[in-house]
Amino acid sequence: MDKIEFFLENLNLREKLLIIIITILFAIFLAFKIEPLFINSFFNHNIFIHNIDIKKEQAANQNLEQKIQISNQKLQQIQNKTLVYEQYLSLFQKKYDQYLKNIKTLALNNKIEIKKISQTKIQKNNINHYKIFIKTYGNFIALLSFIKDLENSNFYYQINIIEMQNLTSLKLELNLEISIICLNKEIE
């Protein structure tokens with residue numbers, strides 16, 4: 001160390017300044033040479049880890065987006081089915097009294113005499129299943145027209161039994177068993 005101090009003391013100002021500049025340039029040169037190696041190795045390792053994490057997250061996000069699209073498609077299909085079911089259920093929103101009123105109106109329009117109407121009721125959950133027994137009198141064309149009007153009405157009737165008997169030469173007796181379905185509560 002003494003030799004370096006002795007050497008530096010014997011140098012003039014210009015030589016000292018030159019050595020300082022060369023030392024600074026050498027330090028800068030080394031810094032630029034070593035910095036990328038050191039920093040790249042340090043940061044690239046972290047960036048590489050972050051890139052792997054980012055790629056995993058992106059893959060997970062793409063997978064979730066695909067699942068969301070599939071779920072949205074299934075939801076749309078379910079909503080479409082729900083609309084169809086609501087349309088079917090609207091047929092059964094009518095009350096038992098409305099069905100009877102419709103039967104009486106159709107009989108009156110076809111000039112048929114209703115002798116007797118009776119019913120049995122089976123209740124299950126929110127659904128009432130009625131079997132209506134109707135005994136009517138009228139001419140053949142009026143009775144057929146009545147049956148046709150029942151089938152083509154806005155009400156849902158299922159005709160289970162049709163019996164016609166000729167009691168007199170002018171009037172026929174028509175016995176019908178009709179099934180209807182009514183909802184207890186309105187479906188929201």
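1. Start with helix α4, residues 140-152. Helix α4 lies across β2, β3 and β4. Its direction is at about 10° to that of β4. Keep in mind that this is a predicted model.

2. Now look at the sheet beneath your first point. It is an open sheet of four strands. The order is β1-β2-β4-β3, and the pairing is antiparallel. The edge strands are β1 (113-124) and β3 (158-166), and each of them pairs on one side only. On average, neighbouring strands of this sheet are turned by 15° against each other, direction ignored.

3. Take the β1 and β2 pair next. These strands pair in the antiparallel sense over 11 bridges. To find your place, pick Ser118: it stands opposite Phe133 in β2. β1 and β2 form a hairpin, with two residues between them. Check Asn125 in that turn. Its phi is positive, about 55°.

4. Move on to β2 and β4. Strand β2 covers residues 127-138. It pairs with β4 in the antiparallel sense, over 12 bridges. A useful marker here is Tyr130, which stands opposite Ile180 in β4.

5. Is Glu173 buried or exposed? Glu173 is found in strand β4, which spans residues 172-183. Its relative accessibility is 6%, so Glu173 counts as buried; the cut-off for buried is under 20%. Which side chains does the side chain of Glu173 meet in polar contacts? One is the side chain of Tyr137, at 3.1 Å. Another is the side chain of Asn175, at 3.3 Å.

6. Asn160 deserves a close look. This residue is found in strand β3. Asn160 has a relative accessible area of 31%, so it is partly exposed. Leave aside its neighbours within four places in sequence. Asn160 is then in contact with Lys131, Glu177, Ile178 and Ser179. Follow the link to Ser179. Asn160 and Ser179 are 19 residues apart along the chain, and their C-alpha atoms are separated by 6.9 Å. Their side chains are joined by a polar contact of 2.5 Å.

7. Turn to the other helix on the sheet. Helix α3, residues 96-109, lies across β1, β2 and β4. It runs at about 160° to β1. So β2 and β4 appear in the lists for both helices, because α3 lies across β1, β2 and β4 and α4 lies across β2, β3 and β4.

8. How do α3 and α4 meet? Two packed helices are described by the angle between their axes and the distance between the axes. For α3 and α4, the angle is about 145° and the axes are 9 Å apart. Their crossing is right-handed. On the α3 side, the contact is made by Ile103, Leu106 and Ala107. On the α4 side, it is made by Phe146, Asp149 and Leu150. Sort these contact residues by type: five are nonpolar, none is polar and one is charged.

9. Finish with the loop before α3. Gln93 is found in the loop between α2 (13-90) and α3. With 29% relative accessibility, Gln93 counts as partly exposed. How many residues apart in sequence are Gln93 and Leu183? They are 90 residues apart in sequence. In space, C-alpha to C-alpha, Gln93 and Leu183 are 6.0 Å apart.

Note on methods. Residues are numbered from 1 along each chain as its sequence is written. This is a predicted model: local features need pLDDT of at least 70, side-chain atom pairs count only at pLDDT 80 or more; totals for chains, interfaces and linings use all residues. Side-chain values use heavy atoms; hydrogens and water are left out. Buried means under 20% relative accessible area, exposed over 50%, partly exposed in between (1.4 Å probe, protein chains only). A polar contact is a pair of N or O atoms within 3.5 Å; within protein, one must be able to donate a hydrogen and the other to accept it, and residues adjacent in sequence count only if both atoms are side-chain atoms. Two strands pair if DSSP finds at least two bridges between them. Axes are lines fitted to C-alpha atoms, for helices over the stretch in contact, and angles run from 0 to 180 degrees between N-to-C directions. Contact means heavy atoms within 4.5 Å. A crossing is left-handed if the near helix is turned anticlockwise from the far one by less than a right angle, and right-handed if clockwise. Ala, Val, Leu, Ile, Met, Phe, Trp, Tyr, Cys and Pro count as nonpolar, Asp, Glu, Lys and Arg as charged, and the others, Gly among them, as polar.
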